[in-house]
Amino acid sequence: MEDRIWYEYILHMERNPDKDDFKEDDSKESKTPFEQFMEYMYIPAMTWKPRGKIPWVAVGVFAFFSVYAIISIAFAARLGPADEQERWLPDDHMFIVAQDDNA
């Protein structure tokens, strides 16, 4: 609880550096939508422990992103260099003609 008050004080000082009139306010109206989402939805979901001491939502999110990373690495390992140079412009384009003349 004390960490949240300190965090709100820092936010207040960043937004209003000239005023030192910080008041602890628990109302939702004084917080941005992102702050409301983090405080009232994301953090409780990540720390929710239905039974025991294991936060299952956090474990599920970690497992999902671990599988995603493994699949991404597997597909990235299959990439290789191009077999031939890619041609972006038609053969009769003036840049290609100039490039061929200079080669």
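**A salt bridge, a surface patch and a pocket**

Let me begin with Glu 39, which forms a salt bridge with Lys 31, their closest N and O atoms lying 2.7 Å apart. I should say at once that this is a predicted model, and that the structure holds one salt bridge, so defined by a side-chain nitrogen of Lys or Arg within 4 Å of a carboxyl oxygen of Asp or Glu.

How do the two partners stand with respect to the surface, buried or exposed or in between? Lys 31 has a relative accessible area of 9% and is therefore buried, because the cut-off for that class is under 20%. Glu 39, on the other hand, has a relative accessible area of 26% and is partly exposed.

Stepping back to the chain as a whole, we have four helices and zero strands, which, read along the sequence, gives the pattern α-α-α-α. Of the 103 residues in the chain, 8% count as buried, and Lys 31 is a buried residue, as I have just said.

Let me turn now to the surface, where Phe 34, Phe 37, Tyr 40, Met 41, Tyr 42 and Ile 43 form a nonpolar patch, with about 620 Å² of accessible area together. Taking Met 41 as one of these residues, we find this methionine in helix H2, which covers residues 33-47. Met 41 has a relative accessibility of 54% and so counts as exposed, since that class begins over 50%.

Finally, I would like to look at the second largest pocket, which holds about 170 Å³ of space. Which residues line the second largest pocket? The lining includes the run of Gln 85, Glu 86, Arg 87, Trp 88 and Leu 89, and it is completed by Phe 95, Ile 96, Gln 99 and Asp 100. Sorted by character, the residues of this lining divide into four nonpolar, two polar and three charged, with Trp 88, Leu 89, Phe 95 and Ile 96 being the nonpolar members, Gln 85 and Gln 99 the polar ones, and Glu 86, Arg 87 and Asp 100 the charged ones.

How values were computed
Residues are numbered from 1 along each chain as its sequence is written. This is a predicted model: local features need pLDDT of at least 70, side-chain atom pairs count only at pLDDT 80 or more; totals for chains, interfaces and linings use all residues. Side-chain values use heavy atoms; hydrogens and water are left out. On a 1 Å grid over the protein atoms alone, a cavity is a set of points where a 1.4 Å probe fits but cannot get out, and a pocket is an open set with protein on both sides within 12 Å along at least five of seven lines; lining residues have an atom within 4 Å of a point. Grid points are joined across faces, edges and corners, and a volume is the space filled by probe spheres set on the points. Patches are made of residues with over 30% relative accessible area and no salt bridge: like charges are joined within 9 Å, nonpolar side chains (Val, Leu, Ile, Met, Phe, Trp, Tyr) within 5 Å. Accessible areas come from the Shrake-Rupley method with a 1.4 Å probe; for residues, only the protein chains shown count as cover. Helices (H or I, at least four residues) and strands (E, at least two) are DSSP runs, numbered from the N terminus. Buried means under 20% relative accessible area, exposed over 50%, partly exposed in between (1.4 Å probe, protein chains only).
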